[in-house]
Amino acid sequence: MSIRPLRFVVLAVLLVPLLAGACAEADRACHGPVVGSVSYYGSSVPPPYHVEWTITLDGDRGRFEVTPGYGASQRWSADFVADPALATAACTSLAAADQVDEPPPGSAVVTAELAGSDGHTLRRRTTVVTNGDVYGALRALVPAATWEQVYGS
């Protein structure tokens, strides 16, 4: 018997529980309406390029708040109507993302604590890029007019 097929069997045995666990967590935490908050901390660059923002959800109500970070007292915020399907999609995207307890220096980081209607909670800290799935799902959650009003283009 060749070792090559055995590799696939071992790999499958190791990956299936991991993938099933991630899917189970997404299923548990992402039943709408979603409540909680997600915070983004931009990479380690100086102002005005550094930015931090938080999306707070409470059912169909949302709040988007932006600050330049680094202890600045300036804040810009606006309330919006949250689309339950987009909130669930953002939660599911976060649940599928890797937990990163110690992000590499300079990384952009998202920290989330969200709960679904069944009371299950998702706590996740992950690194993101602006063209990635998690950032895209969070960006889609905030209506374009609200994002533009608070954050700019």
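In the predicted model, F64 in strand β3 has A78 in strand β4 as its bridge partner. The two strands to which this pair belongs, β3 and β4, run antiparallel and are joined by six bridges. F64 is also one of the residues that touch the most other members of the largest nonpolar core, a set of 33 residues; the others are Y40, W53, I55, L57, L94 and L138. In soluble globular proteins, nonpolar side chains tend to be buried together.

The protein comprises four helices and six strands. Read from the N terminus, these elements follow the order α-β-β-β-β-α-β-β-α-α. Of the 153 residues, 35% are buried. Among contacts with a separation of 6 or more, 56% are between residues 24 or more positions apart.

The strand pairings extend on either side of β1. Strand β1, residues 35-41, pairs with strand β2, residues 52-58, in the antiparallel sense through seven bridges. Within this pairing, S39 is found opposite T54 of β2. Strand β1 is likewise antiparallel to strand β5, residues 108-115, again with seven bridges. Here V35 has A115 of β5 as its bridge partner. Strand β2 in turn pairs with β3, antiparallel and over seven bridges, and T56 is matched with R63 in β3. The connection between β2 and β3 is a hairpin with two residues between the strands, and G59 in the turn shows a positive phi of about 70 degrees.

I55 illustrates how the core brings separate segments together. Beyond its neighbours within four places in sequence, I55 contacts G36, S37 and V38, R63 and F64, F80, and also L138, L141 and V142. Two of these partners, L138 and L141, are among the buried residues of helix α3 (residues 133-141), which also include V134, Y135 and A137. Viewed down the axis of α3, the buried residues occupy an arc of 165 degrees and therefore line one face of the helix.

A further buried position is T67, which is located in strand β3, spanning residues 61-67. Its relative accessible area is 8%, so T67 is classed as buried. A polar atom of the T67 side chain lies 3.0 Å from the backbone oxygen of Q74. Q74 is also among the residues touched by T67 when those up to four places away in sequence are not counted; the remaining ones are V51, E52, A72, R75 and W76.

Four salt bridges are present in the structure. Side chains of opposite charge can pair when their charged atoms come close. In one salt bridge, the side chains of R61 and D58 meet with an N to O distance of 2.6 Å. R61 is exposed, at a relative accessible area of 52%, whereas D58 is partly exposed at 42%.

A second salt bridge joins D79 to R63, with the closest N and O atoms 2.6 Å apart. Because D79 lies in strand β4 (residues 76-81) and R63 in strand β3, this pair ties together parts that are 16 residues apart in sequence. D79 is exposed, with a relative accessible area of 56%, while R63 is partly exposed, with a value of 35%. R63 is thus placed in two relationships already described, since R63 is also the bridge partner of T56 and the salt-bridge partner of D79.

E65 and R75 form another salt bridge, in which the closest N and O atoms are 3.9 Å apart. This pair links distant parts of the chain, with E65 in strand β3 and R75 in the loop between β3 and β4, 10 residues apart. E65 is partly exposed, at 27% relative accessibility. R75 is also one of the residues in contact with T67.

In contrast to the buried T67, V81 of strand β4 is exposed, with 66% relative accessibility. Leaving aside neighbours within four places in sequence, V81 is in contact with D60 and P143. The C-alpha atoms of V81 and P143 are 8.2 Å apart in space, although the two residues are separated by 62 residues in sequence.

Technical notes: Residues are numbered from 1 along each chain as its sequence is written. This is a predicted model: local features need pLDDT of at least 70, side-chain atom pairs count only at pLDDT 80 or more; totals for chains, interfaces and linings use all residues. Side-chain values use heavy atoms; hydrogens and water are left out. A nonpolar core is a set of buried Ala, Val, Leu, Ile, Met, Phe, Trp, Tyr and Cys residues joined through side-chain atoms within 4.5 Å. Buried means under 20% relative accessible area, exposed over 50%, partly exposed in between (1.4 Å probe, protein chains only). Contact means heavy atoms within 4.5 Å. Two strands pair if DSSP finds at least two bridges between them. A polar contact is a pair of N or O atoms within 3.5 Å; within protein, one must be able to donate a hydrogen and the other to accept it, and residues adjacent in sequence count only if both atoms are side-chain atoms. The arc is that of the directions from the helix axis to the C-beta atoms.
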